[in-house]
Amino acid sequence: MSLLEVSDLSKRFGGVVAVDGCSLAVAPGSITGLIGPNGSGKTTLFDLVTGFLQPDAGEVRFESRPITGLPPDQVHRRGIGRTFQLARVFPRLTVLENVLVPVRRAGLLGLLSGATTRGEVRRGHEMLEFLGLTHLADQPAGRLSYGQRKLLELGTVMMSRPRLVLLDEPAGGVNPGLLESIAARIRDLNAAGTTFLIVEHDMGFVMGLCGTVLVLDRGRTIAGGTPAEVRADPAVLDAYLGA
């Protein structure tokens, strides 16, 4: 049984076909990579799964239940979290305050009103310790390096305990030292039960981290398998060389 199933999903923007009858599945407990040439539809697919865009056709199922077309907040409540190509943080809030936003019923407004429990604050500190950001807890998030913001965004997503996390280019713009830290945190979270679907252009990062790799080209899934199988697939080579 798959945790996430995408069936014949399509999305057009005027005359441009961004996703074209795409089908794929993500197994529970896996770290699955989603790769493809620029413009192949990877981020659009994430937007369709998480409700930021509405599909023209097709279906998305999570834990065997349809979630097609649900708005982002409802998708999130079902147990799916995501990050974005450009790390989204609240730059004027402290690093600790950023990770506390998702655990407040009233979100950011609840946090600013001071309605945060000791247990929530303790969880926030535990998350920062896990991420290696404890020493920055009281610093404004706007002062973080880009790699640190990526780590903080991952921690913020994990505070709501999602069962599936979609990571959009977690390695983009990150220095090698922090990149290894991000990979290690993903492995630890996966070992604790979180499933990951990762869009990434850094092939070394993907092939070293993911047990399964899916390949998108022109909005369709053209290949899938282990990293070694995908590397040797002629269709994958044609897609990248053709691009």
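## Helix α6 and the six-stranded sheet

In this predicted model, helix α6, residues 146–158, lies across strands β6, β7 and β8. The angle between α6 and β7 is about 160°. Those strands belong to an open sheet of six, whose order is β6-β7-β8-β3-β9-β10 and whose pairing is mixed. At the edges stand β6 (80–82) and β10 (220–225), each of which pairs on one side only. From one strand to the next, the twist averages 20°.

Within this sheet, β3 (residues 31–35) and β9 (residues 212–217) run parallel and are joined by four bridges. One residue pair can be named here: G33 has V213 in β9 as its bridge partner. Strands of a sheet pair through backbone hydrogen bonds, in either a parallel or an antiparallel arrangement.

## The four-stranded sheet

A further open sheet has four strands in the order β2-β1-β4-β5, and its pairing is antiparallel. Its edge strands are β2 (16–26) and β5, each pairing on one side only. Strand β1, residues 4–13, is joined to β2 by seven bridges, and the two run antiparallel. F13 stands opposite V16 in β2.

## Helix α1

Which strands does helix α1 lie across? In the six-stranded sheet, α1 (residues 42–49) lies across β3, β6, β7 (164–168), β8 (195–199) and β9, and it runs at about 145° to β7. In the four-stranded sheet, α1 lies across β1, β2 and β4, running at about 115° to β1.

Seven of the eight residues of α1 are buried, so this helix is largely enclosed by the rest of the structure. The buried residues are K42, T44, L45, F46, D47, L48 and V49. Among them are the charged-type names K42 and D47 as well as L45, F46, L48 and V49. Just after α1, G51 takes a positive phi of about 85°.

## The cavity and I182

How many cavities of 30 Å³ or more does the structure hold? There is one cavity of that size, and the space in the largest cavity is about 60 Å³. Its lining consists of T83, F84, K150, E153, L154, L167, D168, E169, P170 and I182. Both α6 and β7 supply at least two residues each to this lining. The largest share, three residues, comes from α6.

I182, one of the lining residues, is found in helix α7, residues 176–191. With a relative accessible area of 3%, I182 is buried. Not counting residues up to four places away in sequence, I182 touches G147, K150, L151, P170, V174 and F205. K150 and P170 thus appear both as contacts of I182 and in the lining of the cavity. The C-alpha atom of I182 is separated by 26 Å from that of E5, which is 177 residues away along the chain.

## N98 in helix α3

N98 lies in helix α3, residues 95–100. Is this residue buried or exposed? N98 counts as buried because its relative accessible area is 3%, against a cut-off of under 20%. The side chain of N98 reaches the backbone oxygen of L93 at 3.5 Å.

Leaving aside neighbours within four places in sequence, the contacts of N98 are V89, F90, L93, A141, L152 and T156. Two of these, L152 and T156, fall within the residue range 146–158 of α6.

## Positive phi in two loops

Most residues other than glycine have a negative phi. Two residues depart from this pattern in loops. E63 has a phi near 55°, a positive value in a residue other than glycine. E63 lies in the loop between β4 (57–62) and β5 (65–66). At a relative accessible area of 36%, E63 is partly exposed.

R218 is not a glycine either, and its phi is positive at about 55°. The loop that holds R218 is the one between β9 and β10. R218 counts as exposed because its relative accessibility is 68%, where the cut-off is over 50%.

How values were computed: Residues numbered from 1 in each chain as written. Predicted model: local features only at pLDDT ≥ 70, side-chain atom pairs only at ≥ 80, totals over all residues. Heavy atoms only, no water. Buried < 20%, exposed > 50% of the residue type's maximum accessible area, 1.4 Å probe, protein only. Polar contact = N/O pair within 3.5 Å; in protein donor to acceptor, adjacent residues only side chain to side chain. Contact = heavy atoms within 4.5 Å. Pairing = 2+ DSSP bridges. Axes fitted to C-alpha atoms, helices over the stretch in contact; angles between N-to-C directions. 1 Å grid on protein atoms, 1.4 Å probe; cavity = no way out; pocket = protein on both sides within 12 Å on 5 of 7 lines; lining within 4 Å. Points joined across faces, edges and corners; volume = space filled by probe spheres on them.
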